[in-house]
Amino acid sequence: MSTPNGFPQHSRMCLTRSMEGGAVQDLQAKKAGKAAKKETGGDGTPPKIGTPISETLKLLPEDLKANMKIRSITPRPPRKPRLERAASLDEKSWRKWRRFRTSQESLTDPNETSSSNGSLQEASPSPPTRGRASPCNPCCQQDSLHSSPDALEASPGGKSRGGTSDLGKRASEISSAFGGLLRGKAFAGGKPRLSQIMPARPLPPMELNVASHSLRTANRIDSDCLDYRHYSQHKFGRVSSSLSDSRLQGNGTLYDNCSTDSMKSTFSVLTPIRAKDVRSRSYLEGSLLASGALMGAEELSRYFPDRNMGIFVATWNMQGQKELPVNLDDFLLPTDPDFAQDMYVIGVQEGCPDRREWEIRLQETLGPHYVLLHSAAHGVLYMSVFIRRDLIWFCSEVEYATVTTRIVSQIKTKGALGISFTFFGTSFLFITSHFTSGDSKVNERKLDYNKTIQALTLPKNVPDTNPYRSSSSDVTTRFDEVFWFGDFNFRLNKDRETVDSILNQHPDTDVSKLLVYDQLTSEMSRGSIFKGFQEADIHFRPSYKFDIGKDSYDSTSKQRTPSYTDRVVFRSRYKDDIQAVKYSSCPVIRTSDHRPVFALFRVRVRPGRDNIPLAAGLFDRDLYLIGIRRRATRELLKRREQKDQRSSSICSIS
């Protein structure tokens with residue numbers, strides 16, 4: 001059926017719908033023109049391309065409808081219908097959805113979220129179709145959609161042909177932001193669409209490196225080998241085949257120095273050493289050059305950046321008991337400090353008959369990270385020095401000496417044992433002693449002290465680090481750091497009833513009233529013993545004398561007064577070199593009438609020179625293997641017991 005204009009009636013209906021859609025688009029074009037005019041200041045100057053989209057988004061939709069010129073739309077004759085088989089409703093709906101998906105403007109379904117690259121047609125809603133769509137309806141929709149970009153015309157100075165002008169692009173962005181909002185107003189059933197949130201200003205650039213070099217210092221390359229990477233890359237074409245920073249830095253990804261350093265320490269090769277350094281260095285007597293010295297400042301800073309090491313010093317009178325504690329963890333590895341110490345020194349008085357078994361138990365408890373640097377004995381006085389396995393190369397030869405304080409004695413139960421060595425550039429002296437016993441024998445104990453400092457012949461071959469401050473009559477002046485510990489046998493000058501009443505009235509940490517009667521504290525304040533030595537504050541109960549296997553003090557007929565017989569004192573050549581961290585006892589070990597007493601210290605270490613006889617990494621390898629084997633066996637037995645315990649629990653259902 002034709003109309004007076006010569007067009008078929010159904011073509012006229014399609015044209016009418018196209019013109020209605022074009023009218024809405026022209027209104028939006030006016031709105032975009034007014035926005036462009038505001039941006040150019042009204043003089044017709046085209047807007048700058050670099051204008052931020054956040055400023056353009058501030059325009060209201062009503063302002064965009066006023067300044068867009070309307071271009072007449074030339075009606076086009078409809079396309080000839082294609083002869084094809086009749087399609088079902090499902091096929092037609094699928095084809096309609098397919099045309100929307102493959103169109104140039106990437107139209108989306110109104111129920112979905114807004115597309116970030118939408119066009120102006122997305123903002124202009126088309127009338128909803130009612131009933132079955134006519135065959136020409138898709139064609140009319142395509143013609144209308146294809147003609148809409150050509151209908152846009154920019155302000156007088158702009159170029160807007162085919163949607164390629166700057167203003168057309170800006171209007172397209174604006175319509176993408178406000179299209180969902182307009183559609184929500186036009187259709188009550190549509191979902192409102194909000195514009196994207198844009199930052200007010202550009203974000204600051206992120207740095208490529210987000211780690212701190214101070215968090216990891218153990219895997220640095222020596223300063224004299226800093227050019228090794230450049231040299232090896234030039235000489236060999238590559239640095240190493242292991243995982244390194246270059247793989248992470250080369251592709252521009254974000255990396256972390258701590259992570260890459262950790263990977264380097266696990267996967268990469270050891271720190272490179274020049275051939276000339278190998279020629280000039282010996283592990284018995286190294287290079288004297290400061291830059292290449294094994295005991296120098298560079299090597300010290302590698303292992304101790306703050307130049308402080310942790311030392312555990314303990315003393316225990318075992319009363320000659322054959323039975324050893326089942327577990328020594330509470331003694332050697334207290335839970336208060338988070339980390340283990342770098343060196344463990346344990347002195348024993350009246351030690352167990354099997355000294356080797358005692359050392360094996362110590363090695364088993366400390367585990368594979370520690371090795372026995374040296375051990376010595378003087379009768380039933382034992383001393384063992386364990387050090388971290390990594391630090392064994394920085395110790396000098398270990399020397400020891402003994403002193404017997406009892407004149408006539410077949411069994412050396414009283415006396416002193418000293419062990420000395422140099423670690424980097426700091427000399428250490430450790431002395432364990434067992435002085436004369438008896439409540440009133442204070443003078444005899446002072447004589448034991450004087451005889452020890454005069455008769456202990458140390459050092460022997462290892463040179464003194466500061467001979468100008470040494471004295472031939474006092475061994476403690478010939479070393480930088482001195483630790484003296486043992487059963488000094490100094491008592492409390494008070495009767496048993498008074499001491500018990502004080503212990504019952506005050507908690508364990510408040511023992512200041514007891515220390516008023518302490519003999520050692522009084523003698524040290526007078527300067528008659530341990531001259532120049534210090535002792536950390538005491539906050540634990542007296543370590544002597546207990547009933548074996550119990551927490552009660554002597555309940556025999558003798559009723560000995562509880563006393564602080566087991567002590568740890570220290571002195572240093574330099575002020576504040578030794579800082580006491582913890583000073584306590586271990587009450588859970590009850591196999592003796594004495595409780596073990598230990599102290600934790602932070603000791604300053606100084607760099608040294610390699611002109612001393614070094615230990616060359618020597619340690620007791622047999623003891624190490626036996627202790628580690630026992631530790632592994634104990635762990636396997638523990639796991640087996642746990643497994644058997646889980647399997648033995650049977651749940652029955654009645």
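**Exercise 1.** Work out how strand 6 and strand 7 are joined, and which residue stands opposite Gly-418.

*Solution.* Start with the ranges: strand 6 covers residues 415-423 and strand 7 covers residues 426-434. (Strands are DSSP runs of E, at least two residues, and helices are runs of H or I, at least four residues; both are numbered from the N terminus.) Next, look at the directions: the two run antiparallel, joined by 9 bridges. That counts as pairing, because two strands pair if DSSP finds at least two bridges between them. Finally, pick out Gly-418: its opposite number in strand 7 is Ile-431.

A quick word on the model: it's predicted, so local features need pLDDT of at least 70, side-chain atom pairs count only at pLDDT 80 or more, and totals for chains, interfaces and linings use all residues. Residues are numbered from 1 along each chain as its sequence is written, and side-chain values use heavy atoms, leaving out hydrogens and water.

**Exercise 2.** Find the strand order of the open sheet and name its edge strands.

*Solution.* Reading across, the 5 strands go 5-6-7-8-9, with mixed pairing. Now check the ends: strand 5 (399-404) and strand 9 (566-572) each pair on one side only, which makes them the edges.

**Exercise 3.** Describe the hairpin of strand 3 and strand 4.

*Solution.* First, the pairing: strand 3 (residues 370-378) and strand 4 (residues 381-388) are antiparallel over 8 bridges. One bridge links Val-371 to Ile-387 in strand 4. Then the turn: 2 residues sit between the strands, and Gly-379 there has a positive phi of about 65°.

Methods. Buried means under 20% relative accessible area, exposed over 50%, partly exposed in between (1.4 Å probe, protein chains only).
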